[in-house]
Amino acid sequence: MSTLEDLRSAVKQTLEQNGSLAATRAKLRADIFATLQDPTEVKPRIPHENLLINELILEYLNYNNLHCAASVLAVESGQPTPSLGRAFVAEQLNIHDDDKTRQLPLLYSLLSHFATNTKTANRTLSN
């Protein structure tokens with residue numbers, strides 16, 4: 001019996017280390033959630049700001065291979081499909097998007113912008 005238990009333990013440890021156990025659990029949660037959703041339920045209209053915030057988060061989740069979390073967010077929030085698109089979100093938020101910034105989600109550009117402005121403001125105030 002201990003050989004079987006050792007094998008189970010080794011398999012579980014390997015699956016945890018390579019991330020596939022967590023991915024399987026996340027996929028299972030997403031599938032359960034999608035199954036429990038009532039397709040006839042009418043979702044309330046999503047405010048424009050929420051649409052943009054959801055798009056930023058979805059882009060970030062997908063970039064980081066958190067596809068199950070993204071699918072749950074999309075379904076639960078009622079985000080329209082197809083997505084609004086990166087260009088539309090960048091335009092709405094007045095984010096300059098070029099070849100360099102397109103390599104990362106827009107959320108990174110926002111974070112970088114605010115971190116830079118905060119440092120600049122702090123230096124100005126301390127002088």
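A residue counts as buried under 20% relative accessible area, as exposed over 50%, and as partly exposed in between. Arg86 comes out at 21%, so this residue lands in the partly exposed class. The model is a predicted one, and Arg86 is a handy place to start reading its charged contacts.

Side chains of opposite charge can pair when their charged atoms come close. The structure holds 4 such salt bridges. In one of them, Arg86 pairs up with Glu59, with the closest N and O atoms 2.4 Å apart. This contact joins distant parts of the chain, since Arg86 belongs to helix 5 (residues 86–92) and Glu59 to helix 3 (residues 48–63), 27 residues apart. Glu59, also at 21% relative accessibility, is partly exposed.

Arg86 has a second partner, too: its side chain meets that of Asp97 in a salt bridge, at 2.8 Å from N to O. Here the link again spans distant parts of the chain, running from Arg86 in helix 5 to Asp97 in the loop between helix 5 and helix 6 (106–126), 11 residues apart. With 18% relative accessibility, Asp97 falls under the 20% cut-off and therefore counts as buried.

Asp97 in turn has a salt bridge to Arg102, at 3.9 Å from N to O. That distance still makes the grade because the cut-off is within 4 Å. Arg102 is partly exposed, at 44% relative accessibility. Put together, the salt bridges make a network that takes in Glu59, Arg86, Asp97, Asp99 and Arg102.

Next come the aromatic side chains. A pair of aromatic rings is described by the distance of the centres and the angle of the planes. The structure holds 2 aromatic pairs. One of them brings Tyr60 and Tyr108 together, with 6.1 Å from centre to centre and 35° between the planes, a tilted arrangement. Because Tyr60 sits in helix 3 and Tyr108 in helix 6, this pair ties together parts 48 residues apart in sequence. Tyr60 is partly exposed at 31% relative accessibility, and Tyr108 is partly exposed with a relative accessible area of 31%.

Tyr108 also pairs with Tyr63: the ring centres are 6.0 Å apart and the planes stand at 65°, so this pair is edge-to-face. Tyr63 lies in helix 3 as well, so its pairing with Tyr108 in helix 6 ties together parts 45 residues apart in sequence. At 40% relative accessibility, Tyr63 is partly exposed. The ring pairs thus link Tyr60, Tyr63 and Tyr108 into a cluster.

Technical notes
Residues are numbered from 1 along each chain as its sequence is written. This is a predicted model: local features need pLDDT of at least 70, side-chain atom pairs count only at pLDDT 80 or more; totals for chains, interfaces and linings use all residues. Side-chain values use heavy atoms; hydrogens and water are left out. Helices (H or I, at least four residues) and strands (E, at least two) are DSSP runs, numbered from the N terminus. Buried means under 20% relative accessible area, exposed over 50%, partly exposed in between (1.4 Å probe, protein chains only). Rings of Phe, Tyr and Trp (its six-membered ring) pair if their centres lie within 6.5 Å; planes under 30 degrees apart count as stacked, over 60 as edge-to-face and the rest as tilted.
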